[in-house]
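I went through this structure element by element and kept notes. The entries follow in the order in which I looked things up.

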Amino acid sequence: MASNPPGACCASGFKHEGNPVGEVKNIDGIDSYITYPKDKSTEKAILFLPDVFGIYPNAQLLADEFANNGYLTIIPDLFQGDQISLEAMESGKADLPAWLPKHQADNVEPVVDKTIKYLRETLGVKKIGAVGYCFGAKYVVRYLKPGQIDVGYTAHPSFVTHEELGAIQGPVSIAAAEVDQIFTTQLRHESEETLIKTGQPWQINLFSGVSHGFAVRADLSDKKQKFAKEQAFCQAVVWFNQYL
């Protein structure tokens, strides 16, 4: 496995402050957060596949920043209203072992399929980049194929197999944490070997002094975490500017 299944660290982190500027709308039965660039262009889009908290302020604010950088961005509700709540995380009651069996590929992929269809057929998007944080990273990798996702970016990925990573057919960039029980040092090195064999452009940036989840749930009062979170976002934008 290129990264381990989600663990307790997937349900930890800090809530960020701010006011999302996009809108939540129902698309073919799926609640989705959509935020547009200033010019309202739909030529290129970012499919934002979130962590176990789904559509929540941290993810929405990041999506808004991708829009500020020129990309229509959409976050589909991968969990159909059954995301892990922030209250459960904060109280320590988040039960990932009980939750995960209800959110396997058979449950998630129909949501991703409908969202890609909406982007390409309804909005006329010509190229799609995808970002995946923790849980969402698996589906960035699985969909990195012609006609689906053109360019991928993941941060602290979980649940990705070597077979999935080895089957990518497009460029992928990964932001990794120094302290990570899911995307461990060994699995990161094994992933490098797998990526080399794909023949696709790839990148892995390792951030010191931060843990799994830093790219979306960092403690912004900590200068080291704030820097790493912002640089991981810049990594994604530069990657999309290059390949999308």
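**Entry 1: strand 6 and its neighbours**

I began with Thr-154, which stands opposite Ile-174 in strand 7. Before going on I noted that this is a predicted model, in which local features need pLDDT of at least 70, side-chain atom pairs count only at pLDDT 80 or more, and totals for chains, interfaces and linings use all residues. Residues are numbered from 1 along each chain as its sequence is written, and side-chain values use heavy atoms, with hydrogens and water left out.

For elements I used DSSP runs numbered from the N terminus: helices are H or I of at least four residues, strands are E of at least two. Two strands pair if DSSP finds at least two bridges between them.

Strand 6 (residues 151–155) and strand 7 (residues 172–179) run parallel, and 4 bridges join them. Strand 5 (residues 127–133) is also parallel to strand 6, with 5 bridges. I looked up one of these partners: Ala-130 is bridged to Gly-152 in strand 6. Between strand 5 and strand 6 the chain passes through helix 5 (residues 137–142), and this β-α-β crossover is right-handed (with the strands pointing away from the viewer, the path from the first strand over the helix to the second runs clockwise).

How many residues of strand 6 are buried? I found 5 of 5, where buried means under 20% relative accessible area, exposed over 50% and partly exposed in between, with a 1.4 Å probe and protein chains only. In a regular strand the side chains alternate between the two faces of the sheet. I therefore listed the two sides separately: Val-151, Tyr-153 and Ala-155 are buried on one, Gly-152 and Thr-154 on the other.

**Entry 2: strands 1, 2 and 4**

Strand 1 (residues 23–27) runs antiparallel to strand 2, and 5 bridges join them. Val-24 has Tyr-33 in strand 2 as its bridge partner. The two strands form a hairpin with 2 residues between them, and Asp-28 in the turn has a positive phi of about 55 degrees.

Strand 2 (residues 30–35) has 5 of its 6 residues buried, so the rest of the structure largely encloses it. Strand 2 is also joined to strand 4 (residues 72–76) by 4 bridges, again antiparallel. There I found Thr-35 opposite Thr-73.

**Entry 3: helix 1**

Is helix 1 largely enclosed or open? Of its 12 residues 9 are buried, so the rest of the structure largely encloses it. The buried residues include Asn-58, Gln-60, Asp-64 and Phe-66.

I checked the length too, taking the expected span as 1.5 Å times one less than the number of residues. For helix 1 this gives 16 Å, and the end C-alpha atoms are 16 Å apart, which agrees. Gly-70 follows helix 1 and has a positive phi, near 100 degrees.

**Entry 4: aromatic pairs**

I counted rings of Phe, Tyr and Trp (its six-membered ring) as a pair if their centres lie within 6.5 Å; planes under 30 degrees apart are stacked, over 60 edge-to-face and the rest tilted. The structure holds 13 aromatic pairs. One of them is Phe-53 with Tyr-56, tilted, at 5.3 Å centre to centre and 55 degrees between the planes. Phe-53 is buried at 2% relative accessibility, and Tyr-56 is buried at 6%.

The pair of Phe-66 and Phe-233 is tilted because the planes stand at 50 degrees, with the centres 4.7 Å apart. Phe-66 lies in helix 1 (residues 57–68) and Phe-233 in helix 9 (residues 223–243), so this pair ties together parts that are 167 residues apart in sequence. Phe-66 has a relative accessible area of 0%, and Phe-233 is buried at 14%. Ring pairs also link Phe-66 and Phe-233 into a cluster with Phe-48, Tyr-71, Tyr-133, Tyr-153 and Phe-240.

**Entry 5: helix 7**

In helix 7 (residues 185–198) the 14 residues should span 20 Å, and the end C-alpha atoms are 20 Å apart, which agrees. I found Leu-187, Arg-188, Ser-191, Thr-194, Leu-195 and Thr-198 buried. They cover an arc of only 120 degrees around the axis, which puts them on the same side of helix 7 (the arc is that of the directions from the helix axis to the C-beta atoms). Gln-186, Glu-193, Ile-196 and Lys-197 are exposed on the other side.
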